[in-house]
Each structure stands twice: as structure tokens, then as C-alpha cells.
There are 2 protein chains.
Amino acid sequence: MPSLTHVPIGLIGFGAFGRLVAEHLAPHGRLRIHDPFVPDADFAAAGVVPYTLAEAAACPVVILATPVSGLAEVVRAVAPHLREGALVLDVGSVKVRPAAIMRAGLPPGVDIVATHPLFGPQSARGGLPGLKIAVCPVRGDRARRVGAFLRRALGLSVILTTPEAHDREAAAVQGLTHLIAKVLVAMEPLPTRMTTRSFDLVMQAVGMVRHDAPEVYHAIERENPYAAEVRRRFFDLAAQMDGELGEGEGIETRASLDA
Amino acid sequence: MPSLTHVPIGLIGFGAFGRLVAEHLAPHGRLRIHDPFVPDADFAAAGVVPYTLAEAAACPVVILATPVSGLAEVVRAVAPHLREGALVLDVGSVKVRPAAIMRAGLPPGVDIVATHPLFGPQSARGGLPGLKIAVCPVRGDRARRVGAFLRRALGLSVILTTPEAHDREAAAVQGLTHLIAKVLVAMEPLPTRMTTRSFDLVMQAVGMVRHDAPEVYHAIERENPYAAEVRRRFFDLAAQMDGELGEGEGIETRASLDA
């Protein structure tokens, strides 16, 4: 069984996150990158020679770095080219749905580990060490070994979990952050001068997710089975706060001041 | 006309923010602190000898560190004891209403400067230098001198503004931060393990305001004339995002997965 280090690694997807994967895995394996939507000129600009789907998918380790919404299609395309005993990983922001798609679509002789790096190009600017990644065993017994590699070689903080437990937590963590960020961006221009430290922190959080691809937002809010429920609680509580503020004393004192 | 340094300073109010004021002004003036709601034992524990209202209010500089909701009452109590030529300042989170209350209730021979330190006991833990304070001239010409003192003696970043301009910006800055924080606190327990950097920043912001006195929240949301409008925009946009997420593709794909 191949180890994750210094083996050929197939990377399907060379978008913003695929590039981040490539940058950090290049010292650890011989990458074969494939992305039919990236022009050759972009590959050339990144100093990378593109491979065909068949070449990339034939590696002992294959990473699917595509939007969750396109994963089913990629799995169908990749499946016929995979070798017996290969290890396939994804990097999507939700895990229940991708795990189900991979389990259903990848041949039985292939091991599957679903991962979610809890960071993006913005938050990884300062380097990977200390950043978190969720790792879920889906098929086979290689999740712990993947976790050990991510910990030792990349310095990541590894959270071994299940797709369900992941999506429950991510529904709150990412669902709320992205929703709040989306609303605040829509309210811009917001003040930049008379700000508090806490507002600055919120806007810093907004800055980290505002340039995420729309697919990331949609995966987080739509393809996480628990996200709608979290949004519902947020809106219900917000409406309740708003109702409380609309009543009583506040309006009275404002009226008496105007008088 | 007395300078702000090394004169007796009357401080009316010895709550969380009054204590912060006392701590930082002690090296710059002889403080006379009055707060009828703080027991003598608490003054003793803080190593402070309390003064009567008349003694504190007779200082050349008097700082009103009371909740905005109680300001009118404090102004009424303080007014008869103020000296001709005294300078009165407040430190409330909103400025239109307090400026109007002080202008209406303080004797004509008294100068008034309304201030809003854009920080609290949590955010001031690392020291004052670099923190922001809004300073609004209300009556007399001493606002610039107050600003110069706050800049030089305390290292604060001073924003000279008007009560109206202040409240417009604060309605977004504080109105949104406190509302979001209030909702997130109500949603607890929230995940602490599988978190992203942006979620951590949001929760750090929540941590800075969650222990604020309820009066602070009410002042920010109820006594700022522009806060309701900001809340309205936030809720309308959030509902719009929610509506968009509820439609189309998302539900379809989830249904097809379940099937």
C-alpha cells in the first residue's frame, strides 16, 4: 500500500483551492494536475505542466479539489481510470453529501477519505501550521495515516470525525460566518473610521471569506443538511431580539426627547 | 480656565466603565468619585474614598460615567452643584440624546463635551494607546483641548465629530456587532473544536461585548436614533439571502441525494 509521501499524486481541480493544495503538496509528492477548465496558459504561468484526466486519475493517491456541486460529475469521470488500491480524497466544505457521492461512485477496490481543510487561500497566507483539517474515514483504513501525514508533514491540526458530526458543527461555524459576511458585504459601505475593536474583528472575519468562490458559499449553505436549521434559529432569535427592542421604553424615551 | 491635568476631577459613576476611567485618570488629576449605588465596602476594596455628590460635582472637571438611560436623572442631580466655568463630559455609547440632555439640563455657564470611548473594560485590557474615542463639542470651545489631552496623556486616537455623525456610524458599528453577538450568545453552545479562523474572529468579537452591561446594549440599540434603520436593513438583506438559498438547486440536489 503506497504511503502518501513521495508518490505520484493526482490532483483533479486547479482552482483557488487546488492551487493551494498543489503549493503545499509539491514538496511531498510528484503532482499530476488535471483541470479541463483551466487554460494551458494559466498552467504555464503557474509553472505547471497539465496532465490528462487518465494520467492524473491513475496515481496511487488522487485528490478531488472541485466544487461540491460538481463532485458527482468528477467522480463519474475519474472512476474508470482509478487503480485498484488507490486512495481518493476530497476537500469539500461539507462532508455528508460528498462522502455519499464518493462511496456510491468510486469502485470498491478504492479507499476513500473525505477531508475538509478548515481554511482557504486567505487564512493560509500565514502558512499551514496550526490550521485545522477535518478527516473522515469513508472506506478503508487509511484515514489515520492520512491524518498523521497532514500533522507531521504540513503541521496541520487534524480532527478525525464523521461526515455527520462534521456537517453538524460546520453548519454553525461556516453557515453563520458566511451568512453574516454575506449580509454585511451587502450593507457596504460600512464605517471604517469610528470602529470598535469587536467590529474590526467581525470585519476581519468578513475579509477572510468575502472572496471565496460562490460555490463555497452555496456548498456551505445549501449542501450541508443542517445549515437551513441553523439559519432558521439565527433568524428566529434575531427577530425575537428585534421585537424586544421595538417594544416599551426605547420608543417612549425617544418620543419624549423629540417632544 | 482650568486645564484637564492635575485638577480635581469629579467622577459620577463607579460602575465597570467608571472604574476604567478612574484607573486611567488617577495619574492625571485628583479624583473625587461619587456613586450612590456602589457600597462603601466596594470603594474600600478598590482603595478609593467616596465623595458626596456635592463634592464631586463641584470640581472644575466633572465626568458623568452613568448609563445613558439614567443620564437625565444624573444631570438633574449634578446641575445645582456645578461651578461656573466647569467642564462636564459624558462617556455614553450614543451621543445625540446625551448631548441634548446635557445641553438642556446643565446651567449655561458650564462647558459641555460629549465623548464616546470606543472601547470597554475588555478591549482596554491591553492598555489604552491606539484605542479610539469620539469627542463632540456641545457647548463652549474646549473639545479640542480635551482631544489633545486624551491623545497626549492617554495615547488615544481622537475622532472629533458631531453627535449626529457619531450616531450614524455607531448605529452600524455597534448596532450590528451587539446584535450579532446577542444572537450568537443565544445560540450557544456553539462549536469550539471544528472552527475556522473567521469563525474564531467572530467569536472573539462576541467575547469582547458579551459581558457588557445590559444598559450598554439598550443604549446602542434603543437610544441611537439610527439603530432601528440599520437593524431593518440587516434583517431585510438576511431574509433575502435566506429566500435565495431556499429556492432552486439546493433543495433539488438534497432531495435527489435522499432518494
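I started with how the two chains relate: a rotation of 180° with 0.0 Å of shift along its axis puts chain B onto chain A, RMSD 0.1 Å (least-squares fit on C-alpha atoms of residues with pLDDT of at least 70 in both). That is the relation of a two-fold axis. The same surface serves both copies, since 100% of chain B's contact residues recur in chain A (contact: heavy atoms within 4.5 Å).

Note to self: this is a predicted model, where local features need pLDDT of at least 70, side-chain atom pairs count only at pLDDT 80 or more, and totals for chains, interfaces and linings use all residues. Residues are numbered from 1 along each chain as its sequence is written, chains are lettered from A in the order in which they are written, and side-chain values use heavy atoms, leaving out hydrogens and water.

Next I looked up the interface totals. Chain B puts 65 residues into the contact and chain A 65 residues. About 6,300 Å² is buried between them, 68% of it from carbon and sulfur atoms (accessible area, 1.4 Å probe, lost on being put together, summed over both parts). On chain B's side, Met194(B), Arg222(B) and Leu245(B) lose the most area to chain A, together 14% of what that side buries.

Then I checked charges. I found six salt bridges between the chains (a Lys or Arg side-chain nitrogen within 4 Å of an Asp or Glu carboxyl oxygen). One salt bridge joins the side chains of Asp242(A) and Arg231(B), at 3.0 Å, N to O.

Conventions: Buried area = accessible area lost by both parts, 1.4 Å probe.
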